[in-house]
Amino acid sequence: LDPAEADAHTLLGLNDHYLHWNWQGAEWHYGQAVKLQPGVALGHHRYARMLSHQLRHAEALDRIEAAVARDPQSTATRIGRGIVLT
C-alpha cells in the first residue's frame with residue numbers, strides 16, 4: 001500500500017483496530033489518515049470509534065464531531081456519532 005494514501009492508512013488502522021486490537025498501531029494509522037486528508041470524514045470517524053473503544057470519550061467526541069462536520073449527510077457517520085455518545 002502507498003504510505004502517502006490516507007485510505008491505505010485507514011484500512012491498516014481498521015486491521016490493527018478490529019483484527020489485532022493493536023491500539024498503538026491503529027492510532028498511528030488513523031492519525032496518518034487524518035493528517036494526509038484532514039477534510040475527509042472517514043479517517044476521523046474510524047479514529048473516533050477506536051478512541052471510544054478505549055474509553056477515551058472526550059477525544060472520541062472531538063473526532064466524531066470533526067467527522068460529522070466534514071460529512072453531515074453521512075448516515076454511517078451519524079450512526080457512529082450515536083455510538084460514541086452511548
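The following exchange between a trainee and a mentor concerns a predicted model of a protein.

Trainee: How many helices and how many strands are there in the protein?
Mentor: From the N terminus on, the elements run α-α-α-α-α. The count is therefore five helices and zero strands.

Trainee: What radius of gyration does the protein have, against that of a compact globule?
Mentor: The C-alpha trace spans about 30 × 25 × 20 Å along its principal axes. For 86 residues, a compact globule would have a radius of gyration near 12 Å. The value for the protein agrees with this, at 12 Å.

Trainee: Which helix gives the most to the largest nonpolar core?
Mentor: This core has twelve residues in all, among them A26, Y47, L51, I64 and V84. Three helices each supply at least two of its residues: α2 (23-36), α3 (41-53) and α4 (57-70). The helix that gives the most, with five residues, is α3.

Trainee: Leaving aside neighbours within four places in sequence, which residues is L51 in contact with?
Mentor: L51 is itself one of the residues of the largest nonpolar core. With neighbours within four places in sequence set aside, its contacts include A60, which is also listed in that core. The full set of such contacts is E27, R56, E59, A60 and R63.

Trainee: What span does α2 reach from its first C-alpha to its last?
Mentor: α2 has 14 residues. At 1.5 Å a residue, the expected span is 20 Å. The helix comes close to that expectation, reaching 20 Å.

Trainee: Which helices do the buried residues of α2 pack against?
Mentor: The buried residues of α2 are G25, A26, H29, Y30, Q32, A33 and V34. Of these, A26, Y30 and V34 are also listed in the largest nonpolar core. In an α-helix, residues three or four places apart point the same way, because there are 3.6 residues a turn. The buried residues of α2 pack against α1 (6-19), α3 and α4.

Trainee: Is S74 buried or exposed?
Mentor: S74 is placed in the loop between α4 and α5 (75-85). Its side chain is joined to that of T77 by a polar contact of 3.1 Å. The relative accessible area of S74 is 15%, and the cut-off is under 20%, so S74 is buried.

Trainee: What share of the accessible surface belongs to carbon and sulfur atoms?
Mentor: Buried residues make up 38% of the 86 residues in the protein. The accessible surface comes to about 4,900 Å². The share belonging to carbon and sulfur atoms is 56%.

Terms used. Residues numbered from 1 in each chain as written. Predicted model: local features only at pLDDT ≥ 70, side-chain atom pairs only at ≥ 80, totals over all residues. Heavy atoms only, no water. Core = buried A, V, L, I, M, F, W, Y, C linked by side-chain atoms within 4.5 Å. Buried < 20%, exposed > 50% of the residue type's maximum accessible area, 1.4 Å probe, protein only. Helix = DSSP H or I, 4+ residues; strand = E, 2+ residues; numbered from the N terminus. Contact = heavy atoms within 4.5 Å. Expected span 1.5 Å × (residues − 1). Polar contact = N/O pair within 3.5 Å; in protein donor to acceptor, adjacent residues only side chain to side chain. Rg over C-alpha atoms; globule rule 2.2 N^0.38 Å. Areas by Shrake-Rupley, 256 points an atom, 1.4 Å probe, with all protein chains shown as cover.
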